[in-house]
Amino acid sequence: MTTASKPDAALDAMRPVLPPDLMQRASTFDPATRLAGLSVAGPIHRIEHNDEPLWLVTSQEAARTLLSDPRMSADRFKVKRLRDKLDPEMRDKFAAAESRAGSFITTDPPEHTRYRRLLARQFTMRRMRALTEQIEQIITGRIDAMIAAGPPSDLIRDFALPVPSLVICELLGVPVADRGHFQDDTIELLDMATDLEGLIEVGTRMHRYMWGLVQQKRADRADDLLSELVHTSDMSDDEMVGLANLLLIAGHETTTNMLGLGVLALLDHPEQLKALRDDPGGLMDTAVEEMLRYLSIVDTGIVRYALEDVRIGDVTIREGDTVMCSVIATNRDPAECPAPDEFRIDRPRSRHLSFGHGVHQCLGNELARIEMSVSFRELLRRLPALRLAVPAEDVHVRTTSTIFGVKHLPITWDD
């Protein structure tokens, strides 16, 4: 296991992190022991780390309240203290309109509202469900390839990574041959061990590629989301590039890790695996929701910045303070579901923050649910004797990424 180097002050401002004893999980599926203790102690806590004022939110209700509050900003550059921590050259680089164009997850209304409306037409539930047949074809093709190659297999390499990559490439209109570049770049971009220079290098490389693709769509319209936006919206090329890269990253990295960890969770809970095999039609929807809640792969939480003093409960968050809503803690809030540390695929649907909340709630949540449902259904149907090919303790998790997951998942089945 490699240890990430301590991030410098600039990266602390760009990418807030918690102390290690709040980040390092007690087990693959359970939050850090200290984090679990804080969850019991109260809904919100002031954390001292790297001399930064940071509030950690551990209750579902408090998190939803703050994520819905317009005084809590998604834009770190609105906080002078954080801007001043960056070297002037770096500040100009990251705060430049070109760098931020299209990155609507770090903007506030009304700018965020404009992007959201443009995309909402592309991510309707009806349109996502219309993609189900294409998604099924992609998943079937990957399982066919795994079976043809024979066991054992690395589920991450051979299935969990290529499936969402192929789906989002299909949706956006990115040539399938280019998906490998994005997989590698996304891993580096989300790795907390990547230094500032590395972030800039990856960002520049992704921007350059997507700029060329946008120009192709302008010259030759196709039947895909990026072409639709290029020819029907008022976005500039810079906005189009930023938005497309954001969707590409969000569209495959999170789902990849949900697929890998979801299979691992089922194999770790054989009684739940058997129940899902026996009744996939009746249990798949609740099983997917329980995986989203239980696994909570957004490891660092959802970050907001106070634009003015905000009173919540018996604490006051001061203007300029950073707030982190812990997804894994809020998803284990006993006020929302009984016995939250248990993995139960028949659990009645409860509220969770795995797709965020408020104006920034993930637009692709229905697409992710479809990919997960079809993937688990077909894996269990086509590979009825699916099991780990190594001892469970030899499955290594990713320890430095902002998205939690496993690096490799060796599996086998009866050939």
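This is a short tour of the nonpolar cores, an internal cavity and the cysteines of a predicted model.

**Stop 1: the largest core.** Select F159, L295 and L409. Of the 84 residues in the largest nonpolar core, these three touch the most other members. Now colour helix α16, residues 237-268. This helix gives the core its largest share, 16 residues.

**Stop 2: around L295.** Keep L295 and show its surroundings. Setting aside neighbours within four places in sequence, L295 is in contact with R25, F29, M258, L261, G262, A265 and E290.

**Stop 3: the second core.** Move to A306, V315, I317 and V323. They are among the 18 residues of a second, separate core.

**Stop 4: a cavity.** The model has four cavities of 30 Å³ or more. Go to the second largest, which holds about 70 Å³ of space. Select L22, L35, D299, S326 and I328; of the 13 lining residues, these are the closest to the cavity's centre. Then add α2 (20-23) and α19 (327-331), the elements that give two or more residues to this lining. By class, the lining of the second largest cavity has eight nonpolar, three polar and two charged residues.

**Stop 5: the cysteines.** How many disulfides does the structure hold? It holds zero. Select C325 and C362 to see why these two are not bonded to each other. The closest cysteine sulfur to that of C325 is in C362, 16 Å away, so the gap is too far for a bond. A disulfide needs the sulfur atoms within 2.5 Å. Check their surroundings too. C325 is buried, at 1% relative accessible area, whereas C362 is partly exposed, at 31%.

How values were computed
Residues are numbered from 1 along each chain as its sequence is written. This is a predicted model: local features need pLDDT of at least 70, side-chain atom pairs count only at pLDDT 80 or more; totals for chains, interfaces and linings use all residues. Side-chain values use heavy atoms; hydrogens and water are left out. On a 1 Å grid over the protein atoms alone, a cavity is a set of points where a 1.4 Å probe fits but cannot get out, and a pocket is an open set with protein on both sides within 12 Å along at least five of seven lines; lining residues have an atom within 4 Å of a point. Grid points are joined across faces, edges and corners, and a volume is the space filled by probe spheres set on the points. Helices (H or I, at least four residues) and strands (E, at least two) are DSSP runs, numbered from the N terminus. Ala, Val, Leu, Ile, Met, Phe, Trp, Tyr, Cys and Pro count as nonpolar, Asp, Glu, Lys and Arg as charged, and the others, Gly among them, as polar. A nonpolar core is a set of buried Ala, Val, Leu, Ile, Met, Phe, Trp, Tyr and Cys residues joined through side-chain atoms within 4.5 Å. Buried means under 20% relative accessible area, exposed over 50%, partly exposed in between (1.4 Å probe, protein chains only). Contact means heavy atoms within 4.5 Å.
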